[in-house]
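Here is a quick walk through one model, from the overall fold down to a few residues worth a look. Have a glance at the sequence and the coordinates, then read on.

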Amino acid sequence: YEKMAQRLSEAYHRAATENHALIADVGRRFWKLSDTQNLYAPDGVHPNEQGTCIAAETLAEVILQHKENQV
């Protein structure tokens, strides 16, 4: 799973670079926190409330950082 997650993240980053797009790597953030926090709903796929908050924070950080770099 770790190798698959790494390759998927690399592919997302490559696609973002090629398309001049922002990337908010929520998956990588989840991966880093998964040993210490429960971020998934009982179905094991979708984020729980805490996971949803972390995903939103990750998105907001990328957007705010991009806005700051535009000034």
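Let's say that a contact means heavy atoms within 4.5 Å. With that in hand, residues 24 or more positions apart account for 36% of the contacts in the protein chain with a separation of 6 or more.

A word on where the values come from. This is a predicted model, in which local features need pLDDT of at least 70 and side-chain atom pairs count only at pLDDT 80 or more, while totals for chains, interfaces and linings use all residues. Residues are numbered from 1 along each chain as its sequence is written, and side-chain values use heavy atoms, with hydrogens and water left out.

**Overall fold**

The protein chain has 3 helices and 0 strands, and reads α-α-α along the sequence. Helices (H or I, at least four residues) and strands (E, at least two) are DSSP runs, numbered from the N terminus. Along the principal axes, the C-alpha atoms fill a box of roughly 40 × 25 × 20 Å. Of the 71 residues in the protein chain, 18% are buried. Here buried means under 20% relative accessible area, exposed means over 50%, and partly exposed is in between (1.4 Å probe, protein chains only).

These are the residues we'll keep coming back to:

| Residue | Place | Relative accessible area |
|---|---|---|
| Thr58 | helix α3 | 6%, buried |
| Phe30 | helix α2 | 7%, buried |
| Tyr40 | loop between α2 and α3 | 31%, partly exposed |
| Lys67 | helix α3 | 52%, exposed |
| His20 | loop between α1 and α2 | 78%, exposed |

**The core and the aromatic pair**

A nonpolar core is a set of buried Ala, Val, Leu, Ile, Met, Phe, Trp, Tyr and Cys residues joined through side-chain atoms within 4.5 Å. The largest one here has 5 residues: Val26, Phe30, Leu39, Ile54 and Ala55. Helices α2 and α3 each supply at least two residues of this core. Leu39, one of the core residues, has contacts beyond its neighbours within four places in sequence, among them Phe30, Leu33, His46, Pro47 and Ile54.

Phe30 also takes part in the structure's 1 aromatic pair. Rings of Phe, Tyr and Trp (its six-membered ring) pair if their centres lie within 6.5 Å; planes under 30 degrees apart count as stacked, over 60 as edge-to-face and the rest as tilted. Phe30 and Tyr40 are edge-to-face, at 5.4 Å centre to centre with 75 degrees between the planes. Phe30 is in helix α2 and Tyr40 in the loop between α2 and α3, so the pair ties together parts that are 10 residues apart in sequence.

**The second largest pocket**

On a 1 Å grid over the protein atoms alone, a cavity is a set of points where a 1.4 Å probe fits but cannot get out, and a pocket is an open set with protein on both sides within 12 Å along at least five of seven lines; lining residues have an atom within 4 Å of a point. Grid points are joined across faces, edges and corners, and a volume is the space filled by probe spheres set on the points.

The second largest pocket has a volume of about 150 Å³. Which elements give two or more residues to its lining? They are α2 (26–33) and α3 (49–70), with the largest share, 4 residues, coming from α3. Among the lining residues are Asp25, Arg29, Thr58 and Glu61. Thr58 is in contact with Ala24, Asp25, Val26 and Arg29, leaving aside its neighbours within four places in sequence.

**Two exposed residues**

His20 has a phi near 50 degrees, a positive value in a residue other than glycine. Most residues other than glycine have a negative phi. His20 and Asn48 are 28 residues apart in sequence and 31 Å apart in space, C-alpha to C-alpha. For Lys67 and Asp25, the C-alpha to C-alpha distance is 17 Å, with their places 42 residues apart in sequence.
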